[in-house]
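Here is a friendly walk through one protein model, written for someone who likes to know the cut-offs behind each term. Have the structure open as you read.

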Amino acid sequence: MNTKAMKYVTNGTTVLFLTAMAVFVIYGAGTGLFTNKQELQLLISTAGFLGPLIFILLQITQVVFPLIPGGVTCLAGVFMFGPYWAFLYSYIGIITGSFINFYLARRYGQNFVKRLVAEDVYNKYMSKINSGRKFDLMFTAAIILPGFPDDVLCMLAGLTDMKIMKFALILLIGRPASLIFYSALGFLG
């Protein structure tokens with residue numbers, strides 16, 4: 001396959017995937033799926049063995065379309081699967097979504113990110129991007145600690161010159177800390 005055809009396939013697949021995710025987010029928001037624990041549990045439980053896959057896709061979706069608070073889906077996962085399986089499924093989904101965000105920002109640039117990120121959040125963190133190591137430290141802290149807009153920061157990291165290996169290391173090593181927090185919170189609650 002030549003480069004031009006590969007570019008069309010990549011762009012087409014990206015558009016198709018984002019469209020499917022957007023439809024799912026709109027459906028979920030409209031039906032209250034993301035805010036009603038019972039509805040979410042019903043969807044997952046009726047899916048049988050596909051339940052974990054649906055949950056992982058939900059986690060990917062909430063990362064790429066940061067309309068659903070990640071803490072909410074992580075806690076819902078604990079109630080549906082228990083803390084250990086919820087941690088694993090959330091980790092797979094959130095890591096995958098974070099890599100998608102990084103890739104989309106790197107591939108489509110600033111204008112794409114500006115369409116998905118609130119202007120005040122974008123401006124707040126863009127000023128730190130140009131400060132080099134300061135962004136890397138802030139990004140690492142945001143990945144480790146709960147409560148930061150880390151999904152957005154993964155997109156912004158894609159706009160920097162951060163190497164994919166550095167991004168991967170920060171994400172793969174740092175992400176479990178906040179997920180353990182949410183799993184423990186759900187276990188205690």
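At 11% relative accessibility, Asp150 counts as buried, where buried means under 20% relative accessible area, exposed over 50% and partly exposed in between, with a 1.4 Å probe and protein chains only. Asp150 is found in helix H8, residues 150-158. Helices are DSSP runs of H or I with at least four residues, strands are runs of E with at least two, and both are numbered from the N terminus. Which residues does Asp150 touch, leaving aside its neighbours within four places in sequence? Asp150 is in contact with Ala142, Ile143 and Arg175, contact meaning heavy atoms within 4.5 Å.

A word on the source: this is a predicted model, in which local features need pLDDT of at least 70 and side-chain atom pairs count only at pLDDT 80 or more, while totals for chains, interfaces and linings use all residues. Residues are numbered from 1 along each chain as its sequence is written, and side-chain values use heavy atoms, with hydrogens and water left out.

**The overall picture**

The protein has nine helices and zero strands, so its pattern along the sequence reads α-α-α-α-α-α-α-α-α. Of its 189 residues, 45% count as buried. Among contacts between residues at least 6 apart in sequence, 73% join residues at least 24 apart. The accessible surface comes to about 10300 Å², and 68% of that belongs to carbon and sulfur atoms; these areas come from the Shrake-Rupley method with a 1.4 Å probe.

**Three more residues**

The table places three further residues in their helices and gives their relative accessibility.

| Residue | Helix | Relative accessibility |
|---|---|---|
| Leu43 | H2 (residues 37-46) | 30%, partly exposed |
| Gly97 | H5 (residues 83-116) | 0%, buried |
| Phe135 | H7 (residues 133-144) | 1%, buried |

Setting aside neighbours within four places in sequence, Phe135 is in contact with Lys128, Ile129, Leu153, Leu156, Ala157, Thr160 and Met162. One of these, Leu153, is 18 residues from Phe135 along the chain, and their C-alpha atoms are separated by 9.6 Å. With the same kind of neighbours left out, Gly97 is in contact with Ile60, Val63 and Val64. Gly97 and Gln59 are 38 residues apart in sequence, and 7.4 Å apart in space from C-alpha to C-alpha. For Leu43 and Phe55, 12 residues apart along the chain, the C-alpha atoms are separated by 9.6 Å.

**How H3 meets H4**

Two packed helices are described by the angle between their axes and the distance between the axes. What are these values for H3 and H4? The axes of H3 (residues 51-64) and H4 (residues 70-81) come within 10 Å and cross at roughly 170°. That makes H3 roughly antiparallel to H4, a label for angles over 145 degrees. The axes are lines fitted to C-alpha atoms over the stretch in contact, and angles run from 0 to 180 degrees between N-to-C directions.

On the H3 side, the residues that meet H4 are Gly51, Pro52, Phe55, Leu58, Gln59 and Gln62. On the H4 side they are Gly70, Thr73, Cys74, Gly77, Met80 and Phe81. The residues of this contact divide into six nonpolar, six polar and no charged.

**What the record adds**

An unreviewed UniProt entry lists "transmembrane region" for residues 12-34, 40-58, 88-105, 135-158 and 164-188; such annotations may be inferred rather than shown by experiment. In the model, residues 88-105 are 100% helix and 0% strand, with end C-alpha atoms 26 Å apart. Residues 40-58 are 79% helix and 0% strand, and their end C-alpha atoms lie 10 Å apart.

Conventions
Parallel < 35°, antiparallel > 145°, perpendicular 65-115°, else oblique. Nonpolar A, V, L, I, M, F, W, Y, C, P; charged D, E, K, R; others polar.
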